[in-house]
Amino acid sequence: MTVYFIGAGPGAADLITVRGARTLARCQVCLYAGSLVPVELLAECPPGAHLVDTAQLDLDQITAELVRAHEEGHDVARLHSGDPSVFSAVAEQMRRLDAAGVPYEVVPGVPAFAAAAAALKRELTVPTVGQTVILTRVAARATPMPDGEDLATLGRSGALLVLHLAARYVDRVVEELVPHYGADCPAAVVAYASRPEEVVLRGPLGHIAEQTKAAGILRTAVIMVGRSLGAEQFRDSHLYSPQRERSAP
């Protein structure tokens, strides 16, 4: 049978895609991270489905559950928060499923940065201000960053940065980015985006660390830094310009 890596979205149960919900509803086995995936989503599973909380399992144990379900003839939903393409650790699971000869598919989901932008009511790409978004994190206890992907290097681009898994290190983020963006550059921290407990902080880069620590935000948050967050005076996009050539109907 097939393993489906399903993006569960940023937190709100109704932000899973229609395809994701329909796939979940026909899988007799569901593996999910209890600390990240909203429990309301489990109601989409079919009656009698075998539910496995992976919060306390290591990679080999998770793989064993996926392979076992496949061998027993079950489709498996592997729920991941956000979208599986970003910071989801699906690559190593796919590698092991390839080795075991287990087929899998990926169902995309709403990523955390998109939910954070919605909470801020901001377009991240603004004409003449910023057209590039960089998704990254900081090196800490987790896997080291590759050469050339440190904040100082990325900050030289001036692009809008979205940092995942970095709220605990907000002081370091500010220290490394202020030389490139300036202390007055617009910044934001969005925690628990789309959930009832959502927290939205806005302010200049030089003050955002103080706000973040005062709010007690340590996890489940993204940090955004870039001029697009505060852009008000900018040229309209060419997309809907009356001067744009349009295709004949």
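**The whole chain**

Start with everything shown as a cartoon: the protein has 7 helices and 10 strands. Keep in mind that this is a predicted model. Along the principal axes, the C-alpha atoms fill a box of roughly 60 × 55 × 35 Å.

Switch on the surface. About 13,200 Å² is exposed, and carbon and sulfur atoms supply 52% of that area. Now think about the inside: of the 249 residues, 45% count as buried.

Next, colour the chain by residue number and look at which parts touch. Take the contacts between residues at least 6 apart in sequence: 69% of them join residues at least 24 apart.

Colour the charges. There are 22 positive and 28 negative ones. The mean positions of the two groups lie 4 Å apart.

**Helix 2**

Select residues 59–71. This is helix 2, with 13 residues. From first C-alpha to last, helix 2 reaches 18 Å, close to the 18 Å expected at 1.5 Å a residue.

Which residues of helix 2 are buried? Show the side chains of Ile 62, Thr 63, Glu 65, Leu 66, Val 67 and Ala 69. Look at their numbers with one rule in mind. An α-helix has 3.6 residues a turn, so residues three or four places apart point the same way.

What do these buried residues pack against? Add four strands to your selection: strand 1 (3–7), strand 2 (29–32), strand 3 (50–53) and strand 4 (76–80). Then add helix 3 (90–100), another packing partner.

**The two ends of helix 2**

Go to the start of helix 2 and select Asp 58 and Asp 60. A side-chain oxygen of Asp 58 comes within 3.2 Å of the backbone nitrogen of Asp 60.

Now move to the other end. Just after helix 2 sits Gly 73, with a positive phi of about 85 degrees.

**Two loop residues**

Select Ala 89. You are in the loop between strand 4 and helix 3. Ala 89 is not a glycine, yet its phi is positive, about 65 degrees. Is Ala 89 buried, partly exposed or exposed? Ala 89 is partly exposed, with a relative accessible area of 39%.

Last stop: Lys 121. Find it in the loop between helix 4 (112–120) and strand 6 (133–136). Lys 121 is a residue other than glycine with a positive phi, near 55 degrees. Check its surroundings on the surface: Lys 121 is exposed, with a relative accessible area of 73%.

Notes. Residues are numbered from 1 along each chain as its sequence is written. This is a predicted model: local features need pLDDT of at least 70, side-chain atom pairs count only at pLDDT 80 or more; totals for chains, interfaces and linings use all residues. Side-chain values use heavy atoms; hydrogens and water are left out. Buried means under 20% relative accessible area, exposed over 50%, partly exposed in between (1.4 Å probe, protein chains only). Contact means heavy atoms within 4.5 Å. Accessible areas come from the Shrake-Rupley method with a 1.4 Å probe; for residues, only the protein chains shown count as cover. Lys and Arg count as positive and Asp and Glu as negative; His and the chain ends are not counted. The place of a charge is taken as NZ of Lys, CZ of Arg, CG of Asp or CD of Glu. The expected span of a helix is 1.5 Å times one less than its number of residues. A polar contact is a pair of N or O atoms within 3.5 Å; within protein, one must be able to donate a hydrogen and the other to accept it, and residues adjacent in sequence count only if both atoms are side-chain atoms.
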